[in-house]
Amino acid sequence: MAIVSLLDVSLSFGGAPLLDRVNLQLDRGERVCLVGRNGAGKSTLMKVIAGELKPDDGQVFRTPGAIIATLRQEVPAGLTGTVLSVIEGDGGSYEEHNDWERHDRVERLIEKMGLPAEMEFSALSAGQKRRVLLARGLVEEPQLLLLDEPTNHLDLESIQWLEEFLLEWGGALLFVTHDRAFLRKISTRIVEVDRGHLVGWQCDYDTFLVRKEAVLAAEEVERAQFDKKLAQEEVWIRRGVKAQRSRANNRIHALEQMRAERAARRDRAGSAKMTAQEADRSGFKVIACEGAGFRYDDRWIVRGLTTRIERGDKIGIVGPNGAGKTTLLRLLLGQMAPQEGKIEQGTRLEIVYFDQLRAQLDETMRVQDAVADGNATVTINGRTRHVISYLEDFLFDPTRARTPIKALSGGERNRLLLARLFTKPANVLVLDEPTNDLDAETLELLEDLLVEFGGTVLLVSHDRAFLNEVCTSLLVFEGDGKFTDYIGGYDDWQRERAAKAAEAAAAVERAKRAARDATAPAPEKKARKLSNKERAELEALPKQIEALEAEQVKLAESLADPAFFKKSGAEVSRATARLEEIEAELPKAYARWSELEG
């Protein structure tokens with residue numbers, strides 16, 4: 001049953017319609033991801049569904065009594081009070097409304113989300129604040145939840161928690177996200193906003209990308225054929241009409257229709273064209289750390305860090321919000337001195353820094369002045385370009401280029417920072433959360449640029465797909481100031497962590513068995529001579545146990561990898577069943593070994 005239905009809905013703000021006679025139906029239990037370029041109208045569509053914007057034309061139908069809750073990109077200003085009071089909202093006392101079930105719901109949500117009920121909301125981390133706002137919406141028991149960039153500013157642990165929570169919740173979701181790993185895990189359907197229209201895709205994200213590319217290629221061919229035909233008809237009309245009157249009138253009428261169709265055509269927004277300016281090569285050693293440490297009061301931010309970063313490395317820095325990733329960057333770059341150990345920077349370093357807090361932007365400046373420092377031109381790889389032309393590469397049209405920075409959206413601000421960043425030659429790029437608010441297409445372009453960049457990259461990010469594509473290794477925060485090196489991207493780290501966890505669990509189990517065997521009273525038994533068959537069995541048992549343990553680790557590693565669950569259900573079931581078999585076989589094998597050795 002549909003919770004919300006849109007019928008021929010149109011809405012514009014003076015220019016081309018953001019929504020042009022669109023139709024959409026959201027059913028119970030669906031998890032629909034809304035995709036599209038920055039500025040395509042995704043947030044506008046969500047406001048129409050929520051009833052916050054009234055369409056110019058068309059109808060919006062909502063199930064009578066349906067409750068729709070919204071989680072915005074940004075935390076609302078002015079929210080004060082304890083976590084409990086923020087979640088309860090301004091609905092009045094329980095006694096006034098005789099709604100003690102609501103009281104129970106609030107308590108259950110606080111417990112389920114692991115929230116500190118009496119802590120001041122303002123003292124929470126960004127991730128905790130997002131959890132509180134989610135609880136505030138869910139306490140009303142909505143049938144539909146609207147999420148606008150729900151993973152923005154969340155660390156990996158919070159993102160993974162949110163994924164599991166939404167998968168278990170069971171209500172209907174409509175969400176916008178730039179996080180492709182989140183999209184792949186959560187969505188059951190994709191709806192694209194493209195040039196005022198909605199296109200539904202009943203498939204996973206990777207299939208959507210393939211099919212969308214095919215559709216765009218076919219559209220390009222069709223438009224080229226149309227334009228060729230229109231050009232031929234324009235030549236015909238300019239030469240003068242020589243055919244029979246009725247036939248000529250039909251052809252003239254068809255030409256007028258083609259002209260109108262061509263005039264109404266909406267071309268896709270162009271793609272950003274990002275080019276990094278590379279400075280002269282740095283020395284081979286970029287940064288070397290040996291036992292480096294730094295702390296505030298009694299809290300270690302970085303402790304015992306020993307690592308070496310060389311020219312061309314792409315290093316991802318991963319850890320929860322507040323762990324000290326930005327402090328680590330400042331230590332690595334020599335902006336702060338370690339309190340113990342040493343950190344050495346290499347030679348000929350030309351460093352350019354992307355700041356996640358966008359502190360480099362003066363809100364009162366125009367976009368073009370922020371990039372060119374008030375000049376009319378910029379020099380890119382030895383070539384002088386007008387700043388307006390350069391900004392068009394980053395999808396700022398001339399009007400937008402003259403706009404004050406304070407009027408820009410989050411995605412536009414990030415694109416502006418990247419445009420400013422790449423005007424400066426560098427051989428070390430330092431990017432602190434560059435992916436927030438960027439659409440998927442721009443993200444992929446940035447990925448390609450960083451992969452092809454010949455210098456060194458230091459990247460702080462919680463975007464798992466981005467880490468996979470760009471990084472050659474990770475520095476992962478593992479508590480008490482300790483950062484550990486892992487080779488590869490996010491998925492490689494997860495596989496190695498799962499293997500270590502499985503090995504650690506197996507070692508604990510072996511130690512427990514050894515302790516039990518050491519303390520158990522030796523049974524009285526008569527020594528007996530082993531048969532030839534039993535001696536052969538005893539000799540074979542160590543290798544069998546070793547093989548079983550190796551298979552156990554491999555299966556545990558596979559089942560810890562989210563990509564493994566894209567395989568057929570039968571294959572996943574076989575792996576799960578085999579792991580259970582091994583866990584039953586190993587104790588028997590150890591027992592038999594002990595029996596034969598006794």
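Helices here are DSSP runs of H or I with at least four residues, and strands are E runs of at least two, both numbered from the N terminus. On that basis, the protein chain holds 19 helices and 20 strands. Please keep in mind throughout that this is a predicted model.

Let me begin with the chain as a whole. Its C-alpha trace spans about 120 × 65 × 65 Å along the principal axes. Of the 598 residues in the protein chain, 44% are buried. The accessible surface comes to about 31,000 Å², and carbon and sulfur atoms own 49% of that surface. As for charge, the protein chain carries 85 positive and 98 negative side chains, with the centres of the two sets 5 Å apart. Turning to contacts with a separation of 6 or more, residues 24 or more positions apart account for 68% of them.

I now turn to the interior. Which residues touch the most other members of the largest nonpolar core? In this core of 49 residues, they are Leu416, Leu418, Phe422, Leu429 and Leu450. Helix H14, residues 410-421, supplies the largest share of this core, namely five residues. Apart from that core lies another, made up of 37 residues, including Cys33, Ala135, Ile186 and Trp201.

Leu416 deserves a closer look. Once its neighbours within four places in sequence are set aside, Leu416 is in contact with Leu361, Val367, Ala370, Val371, Phe396, Ile405 and Leu408.

Leu429, another of the residues just listed for the largest core, takes us to the strands. Leu429 stands opposite Val457 in strand E18. The strands concerned are E17, residues 428-432, and E18; five bridges join them, and they run parallel. On E18 there is a second parallel partner, strand E12, residues 314-318, joined through four bridges. Within that pairing, Ile315 has Leu458 of E18 as its bridge partner.

How many of the five residues of E18 are buried? Strand E18, residues 456-460, has five of its five residues buried. The cover applies to both faces: Thr456, Leu458 and Val460 are buried on one side, and Val457 and Leu459 on the other.

Strand E3 can be described along similar lines. This strand, residues 31-35, is mostly covered, with five of its five residues buried. One side presents Arg31, Cys33 and Val35, the other Val32 and Leu34, and all of these are buried. Cys33, as I mentioned, is among the members of the 37-residue core.

Which strands pair with E3? Strand E7, residues 172-176, runs parallel to E3 and is joined to it by three bridges. In that pairing, Phe175 of E7 is the bridge partner of Cys33. Strand E8, residues 189-194, also runs parallel to E3, with four bridges joining the two. There, Val32 stands opposite Arg189 of E8.

Finally, a residue in a helix. Asp492 is located in helix H17, residues 490-519. Why is Asp492 classed as partly exposed? The class follows because its relative accessible area is 32%, and partly exposed covers values between the buried limit, under 20%, and the exposed limit, over 50%. Asp492 and Leu332 are 160 residues apart along the chain, and their C-alpha atoms are separated by 24 Å.

Conventions. Residues are numbered from 1 along each chain as its sequence is written. This is a predicted model: local features need pLDDT of at least 70, side-chain atom pairs count only at pLDDT 80 or more; totals for chains, interfaces and linings use all residues. Side-chain values use heavy atoms; hydrogens and water are left out. A nonpolar core is a set of buried Ala, Val, Leu, Ile, Met, Phe, Trp, Tyr and Cys residues joined through side-chain atoms within 4.5 Å. Buried means under 20% relative accessible area, exposed over 50%, partly exposed in between (1.4 Å probe, protein chains only). Contact means heavy atoms within 4.5 Å. Accessible areas come from the Shrake-Rupley method with a 1.4 Å probe; for residues, only the protein chains shown count as cover. Lys and Arg count as positive and Asp and Glu as negative; His and the chain ends are not counted. The place of a charge is taken as NZ of Lys, CZ of Arg, CG of Asp or CD of Glu. Two strands pair if DSSP finds at least two bridges between them.
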